[in-house]
Amino acid sequence: MRFASTPIVLLCQIACAVPASSQPGGRTWNPQCMDVNGIDRCAAATRERVLSQFGVAPIEQMQAEGAVVRRAFLVNGQGGDMPLVSFERHPGHGPTLNVFAMVPTGQAQHRVVLMSAAVPLDLWSEVLDSSRNFDRTLAPESDREQRDPAGCLHQWVATVEAADRPEEFAAQEPRTRRRTQVACAEGLAFDYAFKLSNIAVQVL
């Protein structure tokens with residue numbers, strides 16, 4: 001599998017993924033949002049729960065505070081939340097990498113371990129430059145249009161969020177962007193999420 005040797009797995013060696021609870025009721029296949037446990041990772045309630053678990057602010061709040069952010073939430077093939085990789089630049093400060101990992105402490109409880117490091121400007125530029133198109137919608141390839149969901153069991157899910165500022169990125173005005181993508185679906189967000197994990201390993 002493509003995930004076995006990816007840097008995000010190396011980051012996760014400090015923590016086991018926290019299992020997600022199953023969604024009640026029947027499952028409806030969503031080609032962009034559904035994890036292996038049938039949880040809709042695009043749903044507002046799910047996003048709020050994940051933000052609360054990691055102890056981080058919504059991307060809209062960070063943008064309103066003047067921060068430039070590129071961050072990736074990854075869910076593994078068992079439905080567990082992997083470490084959150086967040087590249088941030090706040091007003092008056094240089095770019096910083098924050099990696100949040102949820103470490104189980106028993107009885108369905110966890111604590112969050114934070115690793116932080118300054119980001120060299122060349123890598124910060126790479127983070128921004130490679131994020132230009134992650135939220136674009138691609139036309140599906142003909143051989144994937146009829147793909148049976150059963151062929152994508154145990155796939156991972158990535159959600160990428162960005163807070164843009166005109167002076168930091170080619171945005172006409174301050175804005176936020178978000179894209180969720182499962183591994184078997186068409187899109188650019190999944191590859192960008194793993195690119196962020198690659199850069200995070202270089203920084204740490």
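# Exercises on a predicted model

In helix H2 (residues 44–54) of this predicted model, the buried residues are Thr46, Val50, Leu51 and Phe54.

## Exercise 1: The sides of H2

Take the buried residues of H2. Determine on which side of H2 they lie, which exposed residues the opposite face carries, and which strands the buried residues pack against.

**Solution.**
Step 1. Start with the list: Thr46, Val50, Leu51 and Phe54 are buried.
Step 2. Check the arc. These residues span only 135° around the axis, so they sit on the same side of H2.
Step 3. Turn to the face pointing away from that buried side. Ala45, Glu48 and Ser52 are found there, and they are exposed.
Step 4. Find the partners. The buried residues of H2 pack against strands E1 (68–75), E2 (84–89), E3 (96–106) and E4 (109–118).
Step 5. Look just past the helix end. Gly55 follows H2 and has a positive phi of about 75°.

## Exercise 2: The second largest pocket

Describe the second largest pocket by its volume, the elements that line it and the make-up of its lining.

**Solution.**
Step 1. The volume comes to about 230 Å³.
Step 2. The lining has 19 residues, and those closest to the pocket centre are Arg47, Val50, Phe73, Thr159 and Glu161.
Step 3. Assign the lining to elements. H2, helix H3 (59–64), E1 and strand E5 (157–164) each contribute at least two residues.
Step 4. Pick out the main contributor. H2 gives the most, with 6 residues.
Step 5. Sort by residue class. The lining holds 9 nonpolar, 2 polar and 8 charged residues.
Step 6. Link back to Exercise 1. Val50 is among the buried residues of H2 and also among the residues closest to the pocket centre.

## Exercise 3: Two glycines in loops

Locate Gly38 and Gly79. Decide whether each is buried or exposed, and give the distance between their C-alpha atoms.

**Solution.**
Step 1. Gly38 belongs to the loop between helix H1 (7–11) and H2.
Step 2. Gly79 belongs to the loop between E1 and E2.
Step 3. Apply the cut-off: buried means under 20% relative accessible area. Gly38 has 2%, so Gly38 is buried. Gly79 has 0%, so Gly79 is buried too.
Step 4. Read the spacing. Gly38 and Gly79 are 41 residues apart along the chain, yet their C-alpha atoms are separated by 8.8 Å.
Step 5. Add another pair. Gly79 and Met34 are 45 residues apart along the chain, with 9.7 Å between their C-alpha atoms.

## Exercise 4: The surroundings of Val75

Place Val75 in its element and list its contacts beyond its neighbours within four places in sequence.

**Solution.**
Step 1. Val75 is part of strand E1.
Step 2. Its relative accessibility is 4%, so Val75 counts as buried.
Step 3. Set aside the neighbours within four places in sequence. Val75 then contacts Asp35, Arg41, Gly80, Asp81, Trp156 and Val157.
Step 4. Give a long-range pair. Val75 and Gln155 are 80 residues apart in sequence, and 8.8 Å separates their C-alpha atoms.

## Exercise 5: H4 and H5

Find the side of H4 that holds its buried residues, name the elements these residues pack against, and compare the span of H5 with the expected value.

**Solution.**
Step 1. In helix H4 (residues 121–129), Leu123, Trp124, Val127 and Leu128 are buried.
Step 2. Their arc covers only 140° around the axis, so they lie on the same side of H4.
Step 3. The buried residues of H4 pack against E1, E2 and H5.
Step 4. Now take helix H5 (residues 189–203). Its 15 residues reach 21 Å from first C-alpha to last, close to the 21 Å expected at 1.5 Å a residue.
Step 5. List what H5 buries. Its buried residues include Phe190, Tyr192, Phe194, Leu196 and Ile199.

## Exercise 6: The whole chain

State how many helices and strands the protein has, their order, and what share of residues is buried.

**Solution.**
Step 1. The protein has 5 helices and 6 strands.
Step 2. Along the sequence they follow the pattern α-α-α-β-β-β-β-α-β-β-α.
Step 3. Of the 204 residues, 45% are buried.
Step 4. Among contacts with a separation of 6 or more, 62% join residues 24 or more positions apart.

Conventions:
Residues numbered from 1 in each chain as written. Predicted model: local features only at pLDDT ≥ 70, side-chain atom pairs only at ≥ 80, totals over all residues. Heavy atoms only, no water. Buried < 20%, exposed > 50% of the residue type's maximum accessible area, 1.4 Å probe, protein only. Helix = DSSP H or I, 4+ residues; strand = E, 2+ residues; numbered from the N terminus. Arc of directions from axis to C-beta. Contact = heavy atoms within 4.5 Å. 1 Å grid on protein atoms, 1.4 Å probe; cavity = no way out; pocket = protein on both sides within 12 Å on 5 of 7 lines; lining within 4 Å. Points joined across faces, edges and corners; volume = space filled by probe spheres on them. Nonpolar A, V, L, I, M, F, W, Y, C, P; charged D, E, K, R; others polar. Expected span 1.5 Å × (residues − 1).
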